[in-house]
Amino acid sequence: MTRASRHLLEGVGTLLAGLALWLFTGDVEVPVVTPTKVGIVLMCVGGAQTAWGLYGAVRRSVRGL
């Protein structure tokens with residue numbers, strides 16, 4: 001597995017985990033953090049990691065030409 005595909009896979013997984021937290025934990029109360037806000041942060045991190053993986057895959061394919 002290349003680094004780009006690993007970043008892409010991890011990014012999509014993180015994004016989906018954040019989406020699940022954001023959608024399904026609206027009424028859950030935790031003393032320290034709000035799960036919906038953690039979900040938003042995870043979606044941002046997952047989106048950035050997915051974009052980095054896509055960039056790496058495109059860069060590798062262009063460099064291989």
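1. Let me start with Trp 52, since this side of the model caught my eye: Trp 52 is exposed, at a relative accessible area of 53%. Keep in mind that we're looking at a predicted model here. The cut-off for exposed is over 50%, so Trp 52 with its 53% falls in that class.

2. Trp 52 has a ring partner. The structure holds one aromatic pair, and Trp 52 and Tyr 55 make it up, with 5.5 Å from centre to centre and 40° between the planes. That counts as tilted, because stacked would need planes under 30 degrees apart and edge-to-face over 60. Tyr 55 is partly exposed, with a relative accessible area of 44%.

3. Where do Trp 52 and Tyr 55 sit in relation to each other along helix α2? They are three residues apart in α2, which runs over residues 35–63, so about one helical turn separates them.

4. Ala 51 belongs to helix α2 too. Ala 51 is partly exposed, with a relative accessible area of 44%. If you want a distance to check, take Ala 51 and Leu 23: they are 28 residues apart in sequence, and their C-alpha atoms are 22 Å apart in space.

5. Now the helix packing. Helix α1 covers residues 3–24, and its axis comes within 7 Å of the α2 axis, with a crossing angle of roughly 160°. Anything over 145 degrees counts as roughly antiparallel, and α1 and α2 are therefore roughly antiparallel to each other. The crossing of α1 past α2 is left-handed. As for what makes up this contact, there are 15 nonpolar, 12 polar and one charged residues.

6. On to the link between the helices. Thr 25 lies in the loop between α1 and α2. Is Thr 25 buried or exposed? Thr 25 counts as buried, because its relative accessibility is 14% and the limit is under 20%. Leaving out neighbours within four places in sequence, Thr 25 is in contact with Ala 20, Pro 35 and Thr 36.

7. Thr 36 deserves its own point. Thr 36 is in helix α2 and, at 18% relative accessibility, counts as buried. Which residues does Thr 36 touch, not counting those up to four places away in sequence? They are Leu 21, Trp 22, Thr 25 and Gly 26. So the contact with Thr 25 turns up from both ends.

8. One last distance, from Thr 36 to Arg 63: these two are 27 residues apart along the chain, with 40 Å between their C-alpha atoms.

Notes: Residues numbered from 1 in each chain as written. Predicted model: local features only at pLDDT ≥ 70, side-chain atom pairs only at ≥ 80, totals over all residues. Heavy atoms only, no water. Phe/Tyr/Trp six-rings, centres within 6.5 Å; stacked < 30°, edge-to-face > 60°. Helix = DSSP H or I, 4+ residues; strand = E, 2+ residues; numbered from the N terminus. Buried < 20%, exposed > 50% of the residue type's maximum accessible area, 1.4 Å probe, protein only. Axes fitted to C-alpha atoms, helices over the stretch in contact; angles between N-to-C directions. Parallel < 35°, antiparallel > 145°, perpendicular 65-115°, else oblique. Left-handed = near helix turned anticlockwise from the far one by under 90°. Nonpolar A, V, L, I, M, F, W, Y, C, P; charged D, E, K, R; others polar. Contact = heavy atoms within 4.5 Å.
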